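These notebook entries record what I looked up, in the order in which I looked it up. The structure is shown first.

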Amino acid sequence: MNRNRLTVIACSVRWFAAAAGLVLLFANGAHAQQATASTPQVEVSGSYSYIRANAANSAGSFNLNGASGSVAYNVSDRFSVVGDVGGYRFSGLPSGLSSTMYTFLFGPRYSFRKVRRFTPFAHVLLGVGRVNASSGGIDAGENGFSMAMGGGLDLPFRRRFALRVIQAEYLLTRFDRVTGDSATQNDLRISAGLVVRFGSR
């Protein structure tokens with residue numbers, strides 16, 4: 001495993017550990033809170049997303065910028081099911097070459113709502129990714145497995161709105177090499193945006 005991949009994995013683990021630490025921190029302090037935050041039935045988010053992607057078995061890495069959106073249905077005050085969709089464009093590619101990556105993810109999320117001023121959360125999302133590339137009038141695309149594991153922190157500022165201060169995840173994708181061999185990419189996704197809440201439980 002090359003040094004660049006180890007660096008990304010280590011950074012991803014640190015982000016995930018920080019998110020998990022936030023959940024535990026607020027969980028321990030929640031018993032001292034008198035007021036309990038209300039739980040919306042549905043939460044819809046829209047975010048700017050940055051991805052640091054690494055090419056499999058090489059020292060190459062890429063920056064991607066784009067947007068992601070999610071819909072979370074809260075089954076209880078702590079557990080929800082989440083659907084997440086994102087589109088990201090590669091930057092710094094040679095002239096004449098353009099490429100875009102998409103992710104379609106789904107899975108469980110745990111949110112801690114006992115503290116009214118903060119809502120930390122953690123999740124594991126599974127699904128598929130797709131990479132499209134275009135050069136010289138030739139288009140190509142590939143689908144592959146994708147997984148996002150991490151968490152984030154929401155700050156409510158109105159009854160129906162919250163600011164997603166950060167969402168940091170280890171993003172795994174499996175796109176084949178040009179030779180057709182299976183390959184795994186270990187990436188980092190960082191997002192921030194707005195959450196709109198609907199209904200209540």
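Entry 1, terms and overall build. I count two residues as in contact when heavy atoms of theirs lie within 4.5 Å. With that cut-off, I took the contacts in the protein between residues at least 6 apart in sequence and found that 60% of them join residues at least 24 apart. I note at the outset that this is a predicted model. I looked up the secondary structure and found 1 helix and 8 strands. Along the sequence the order reads α-β-β-β-β-β-β-β-β. The protein has 201 residues, and 38% of them count as buried. I also noted an accessible surface of about 10,100 Å², with 63% of that area belonging to carbon and sulfur atoms.

Entry 2, strand pairing. I looked up two partners of strand E8, which spans residues 185–198. Strands E1 and E8 run antiparallel and are joined by 11 bridges. Within this pairing, I found Ile51 matched with Arg189 in E8 as its bridge partner. E7 and E8 also run antiparallel, and 11 bridges join them. There, Leu163 has Leu194 in E8 as its bridge partner.

Entry 3, salt bridges. Side chains of opposite charge can pair when their charged atoms come close. I searched the whole structure for such pairs and obtained 5 salt bridges. I followed three of these in detail.

The side chains of Arg113 and Glu43 form a salt bridge, at 2.8 Å from N to O. Glu43 belongs to strand E1 (residues 42–54), whereas Arg113 sits in the loop between strand E4 (97–111) and strand E5 (119–135), so that distant parts of the chain, 70 residues apart, are linked. I then asked whether these two residues are buried or exposed. Arg113 counts as buried because its relative accessibility is 4%. Glu43 is buried as well, with a relative accessible area of 7%.

Glu43 has another partner: Arg197 forms a salt bridge with Glu43, and their closest N and O atoms are 3.5 Å apart. Since Arg197 lies in strand E8 and Glu43 in strand E1, this pair ties together parts that are 154 residues apart in sequence. Arg197 has 7% relative accessibility and therefore counts as buried.

A further salt bridge is made by the side chains of Asp84 and Arg189, at 3.3 Å from N to O. Asp84 lies in strand E3 (residues 79–91) and Arg189 in strand E8, so the pair ties together parts that are 105 residues apart in sequence. Asp84 counts as buried at 3% relative accessibility, and Arg189 counts as buried at 0%. Finally, I checked for shared partners: Glu43, Arg113 and Arg197 are joined into one network by their salt bridges.

Entry 4, Ser49. I looked up this residue in strand E1. Its relative accessible area is 0%, and Ser49 is therefore buried. Which side chain makes a polar contact with that of Ser49? I found Ser68, at 2.7 Å. Leaving out residues up to four places away in sequence, Ser49 touches residues including Leu64, Ser68, Tyr88, Arg189 and Ser191. Arg189 is thus a contact of Ser49 and also the salt-bridge partner of Asp84.

Entry 5, Asp154. I located Asp154 in strand E6 (residues 138–158). It counts as buried because its relative accessibility is 2%. The side chains of Asp154 and Arg164 make a polar contact of 2.8 Å. Beyond residues up to four places away in sequence, Asp154 touches several others, among them Arg117, Phe118, Phe121, Leu163, Arg164 and Val195.

Entry 6, the surface. I turned last to a nonpolar patch of about 400 Å², made by Phe157, Phe161, Leu163, Val165 and Leu194. Which strand gives the most to the patch? I found strand E7 (residues 161–174), with 3 residues. Phe161 lies in E7. At 33% relative accessibility, Phe161 counts as partly exposed, because buried means under 20% and exposed over 50%. I note that Leu163 and Leu194, both members of this patch, are the bridge partners recorded in Entry 2.

Technical notes
Residues are numbered from 1 along each chain as its sequence is written. This is a predicted model: local features need pLDDT of at least 70, side-chain atom pairs count only at pLDDT 80 or more; totals for chains, interfaces and linings use all residues. Side-chain values use heavy atoms; hydrogens and water are left out. Patches are made of residues with over 30% relative accessible area and no salt bridge: like charges are joined within 9 Å, nonpolar side chains (Val, Leu, Ile, Met, Phe, Trp, Tyr) within 5 Å. Accessible areas come from the Shrake-Rupley method with a 1.4 Å probe; for residues, only the protein chains shown count as cover. A salt bridge is a side-chain nitrogen of Lys or Arg within 4 Å of a carboxyl oxygen of Asp or Glu. Buried means under 20% relative accessible area, exposed over 50%, partly exposed in between (1.4 Å probe, protein chains only). A polar contact is a pair of N or O atoms within 3.5 Å; within protein, one must be able to donate a hydrogen and the other to accept it, and residues adjacent in sequence count only if both atoms are side-chain atoms. Two strands pair if DSSP finds at least two bridges between them.
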